[in-house]
Amino acid sequence: MKISEALNSSYKLLNIKSKTHKLDSEVLLADVLKKKNRLDLYLNLNQSLNKKEKSLFFKYIDERKSTKPVSKILNKSHFWSFELDISKKVLIPRPETEVLVDLVTKRIEKKSRIKFLDVGCGSGCISFALLDFYKNSSGIAIDISKQAVLNTKINFEKKFSTKRLKIIRQDLFTFKTQTFFDLIISNPPYLKLSEYSQLDKSIKQYEPKDALVADNKSGLKFFENIILKLKNNLKLNGYLALEIGDFQFKKIGKMLELNGFKIEDTFVLINNQVRCLVAKKVKN
Ligand SMILES: C[S@@+](CC[C@H](N)C(=O)[O-])C[C@H]1O[C@@H](n2cnc3c(N)ncnc32)[C@H](O)[C@@H]1O
């Protein structure tokens, strides 16, 4: 079977199941054939798949048909300029989180020597983007999940040679540090249980619930803790960057204002909801 035939047949198999059936097929086949990217497939449409490659590719297509996300099939995903290992029990990084980092890079100069704290590091994606952009930076990444800490460590060792990131298994709610940061950044769990139950089946089946659900009431538990407690570890004129949930901006905005912060930038989704914000600590 040639690449062109394998693709045509997988497009048909995935067509009803996935809106991104072409992209999914190409990413999966490029991985099976160890191609640099999808374009490489198009440059070699007549190349034949051997028996092993064909069987692995259609195994992946079967998994995708049962709604498993491509990143969970391959155990890897892309964030910023990196390819990251994504273990089973760790959240797949989302494009909005790249925007969060982007907002920070518009506020803090590239050559700055910053110290940051990444709360709920997951795969480590935010920390790596910061370490990559701010070559003089160093940081602390915490997560309550053993798998997330391990995943961040594995990814970190693959990408960076120097010890610029301290990766610790820690519960935010008991976390204490003497360090003062220039930036505290977090994409914490922010869904209410009722919102979680309405999520797509594939998210509930393949993504860790503890990475998504904050609490039963408002979904604000993590933000309250970060703003009220961690503000004491943020330098004056330091930045707090948060990814937040739908309909949370008003309350979080108020909380920030009451605690000496000024919101400097936001990212608004097509549904008019603020998904990311950057606030500056203007009062001690
Ligand atoms: C929405 S995920 C974000 C992961 C990653 N930063 C990203 O943007 O893809 C939230 C992370 O917070 C972690 N988490 C949940 N409860 C926590 C707690 N009490 N203390 C620290 N981390 C926690 C989860 O394990 C998960 O990795």
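Start at the ligand in this predicted model. Select the residues around the ligand: there are 22 of them. Now pick out the closest, which are G120, G122, S145, L172 and A211.

Colour this shell by residue class. You will find 13 nonpolar residues. Six more are polar, and three are charged.

Which elements each supply at least two residues of the shell? Select residues 125-133 for helix α7, and 138-143 for strand β4. Both α7 and β4 meet that count.

Next, move to a pair of helices. Select residues 221-228, which form α11. Add residues 249-258, which form α12. Look along their axes: they come within 10 Å. How do the two axes cross? The angle is roughly 15°. Angles under 35 degrees count as roughly parallel, so α11 and α12 are roughly parallel to each other. The crossing of α11 and α12 is right-handed.

Show the side chains where these helices meet. On the α11 side, select F223, E224 and I227. On the α12 side, select I252, M255 and L256. Which classes do these contact residues fall into? Five are nonpolar and one is charged. None of the contact residues is polar.

Finally, zoom out to the whole protein chain. Its domain assignment gives two selections to colour: domain 1 is 3-66, and domain 2 is 76-281. How far apart are the C-alpha centres of domain 1 and domain 2? The two centres lie 33 Å apart.

Definitions and conventions:
Residues numbered from 1 in each chain as written. Predicted model: local features only at pLDDT ≥ 70, side-chain atom pairs only at ≥ 80, totals over all residues. Axes fitted to C-alpha atoms, helices over the stretch in contact; angles between N-to-C directions. Helix = DSSP H or I, 4+ residues; strand = E, 2+ residues; numbered from the N terminus. Parallel < 35°, antiparallel > 145°, perpendicular 65-115°, else oblique. Left-handed = near helix turned anticlockwise from the far one by under 90°. Contact = placed C-beta atoms within 7 Å. Nonpolar A, V, L, I, M, F, W, Y, C, P; charged D, E, K, R; others polar. Near = placed C-beta within 6 Å. Domains from an automatic or database assignment.
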